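Here is a friendly round of questions about the words used to describe a protein model. Each reply sets a value beside its cut-off and then draws the conclusion.

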Amino acid sequence: MRARWMLVPLFTLMAAASAQAADCPALLKGSLPELRGKEQIDLCQRFAGKPLVVVNTASYCGFAPQFEGLEGVYKTYHEQGLEMLGVPSNDFKQEDADAEKTAKVCYANYGVTFTMTKAQPVRGKDATPLFKELAEQSVAPKWNFYKYVVDRQGKVIANFSSLTKPDDPAFTAAIEKAIASQP
């Protein structure tokens with residue numbers, strides 16, 4: 001009899017987890033390794049229902065100074081719910097294979113506080129599921145520092161080339177639209 005009562009909370013917990021997985025948009029299904037540490041970032045748990053900017057980065061790219069502008073955008077809009085995810089990639093041959101060197105560029109050189117992952121493929125058949133879905137909803141990144149603005153439902157509402165600076169009015173307008181979106 002006692003064993004049955006212990007199962008009720010277990011089934012409730014499993015049902016809640018199943019409902020959460022069902023509510024997770026395709027874009028956020030899966031996980032990526034955090035840049036610092038050994039943990040996995042559960043994309044759904046961390047970002048579901050939140051406006052999000054996803055950007056593929058590279059430490060040795062001429063656009064790397066955009067880290068400063070992206071950090072400024074993050075700090076400006078984070079209290080309004082904006083999340084930002086930086087995904088380093090060597091797809092364009094400008095990222096270090098050593099995650100510690102990447103972390104130094106992001107955290108020490110540019111003061112990044114938003115979420116960063118270890119280097120991942122972002123184009124083609126080897127792209128992570130996140131970037132496959134971003135490409136399906138819009139286009140694959142054409143170069144480093146390609147930016148995607150995602151609404152609270154996990155839909156890409158805008159994408160921006162590497163040439164678009166973080167303070168560009170169109171980028172800012174897309175972020176504000178994502179923040180205003182309903183979960």
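Q: Why does L134 count as buried?
A: This is a predicted model, so the answer rests on computed values. Buried means under 20% relative accessible area. L134 has 0% relative accessibility, so L134 is buried. You will find L134 in helix 5.

Q: What does L134 touch, leaving aside residues up to four places away in sequence?
A: Contact means heavy atoms within 4.5 Å. By that test L134 touches L27, V54, V139, Y148, V150 and V156. The partner L27 is 107 residues apart from L134 in sequence, and their C-alpha atoms are 7.0 Å apart in space.

Q: What makes S181 buried?
A: The cut-off is under 20% relative accessible area. S181 has 14%, so S181 falls on the buried side. S181 lies in the segment after helix 6. With residues up to four places away in sequence not counted, S181 touches D151, R152 and Q153. S181 and V150 are 31 residues apart in sequence, with 9.7 Å between their C-alpha atoms.

Q: How many helices and strands does the protein chain have, and in what order do they run?
A: There are six helices and seven strands. Starting at the N terminus, the order is α-β-β-α-β-α-β-α-β-α-β-β-α. Of the 183 residues in the chain, 45% are buried. For contacts between residues at least 6 apart in sequence, 68% join residues at least 24 apart.

Q: What is the order of the strands in the open sheet?
A: Five strands form the sheet in the order 5-4-3-6-7, with mixed pairing.

Q: What makes strand 5 and strand 7 the edge strands?
A: Strand 5 (115-116) and strand 7 (156-160) each pair on one side only. They are therefore the edge strands, with pairing taken to need at least two bridges.

Q: How do you know that strand 6 pairs with strand 7?
A: Two strands pair if there are at least two bridges between them. Strand 6 (residues 147-150) and strand 7 have four bridges, in the antiparallel sense, so the pairing test is met. Within this pair, K147 stands opposite F160 in strand 7. The hairpin of these two strands has five residues between them, and there G154 takes a positive phi near 85°.

Q: How do you know that strand 3 pairs with strand 6?
A: The same kind of count applies: at least two bridges are needed. Four bridges join strand 3 to strand 6, which run antiparallel, so these strands pair. Here L52 stands opposite V150 in strand 6.

Q: Which residues of strand 6 point one way, and which the other?
A: K147 and V149 point one way, while Y148 and V150 point the other way. All of these residues are buried.

Q: Why are the buried residues of helix 4 said to line one face?
A: The buried residues of helix 4 (residues 99-109) are T102, A103, V105, C106 and Y107. Looking down the helix axis, these residues fall within an arc of 165°, so they line one face of helix 4. They pack against helix 3, strand 4 and strand 5. The face turned away from the buried side carries E100, K104 and A108, which are exposed.

Q: What makes the contact between helix 3 and helix 6, and how do their axes cross?
A: The axes of helix 3 (residues 66-77) and helix 6 come within 12 Å and cross at roughly 35°. The crossing is right-handed. Helix 3 contributes L70, V73 and Y77 to the contact, and helix 6 contributes F171, T172, I175, E176 and I179.

Q: How do the residues of that contact divide into nonpolar, polar and charged?
A: They divide into six nonpolar, one polar and one charged. E176 is in the contact, and Glu counts as charged, so E176 is the charged residue. T172 is also in the contact, and Thr falls among the others that count as polar, so T172 is the polar residue.

Notes
Residues are numbered from 1 along each chain as its sequence is written. This is a predicted model: local features need pLDDT of at least 70, side-chain atom pairs count only at pLDDT 80 or more; totals for chains, interfaces and linings use all residues. Side-chain values use heavy atoms; hydrogens and water are left out. Axes are lines fitted to C-alpha atoms, for helices over the stretch in contact, and angles run from 0 to 180 degrees between N-to-C directions. A crossing is left-handed if the near helix is turned anticlockwise from the far one by less than a right angle, and right-handed if clockwise. Buried means under 20% relative accessible area, exposed over 50%, partly exposed in between (1.4 Å probe, protein chains only). The arc is that of the directions from the helix axis to the C-beta atoms.
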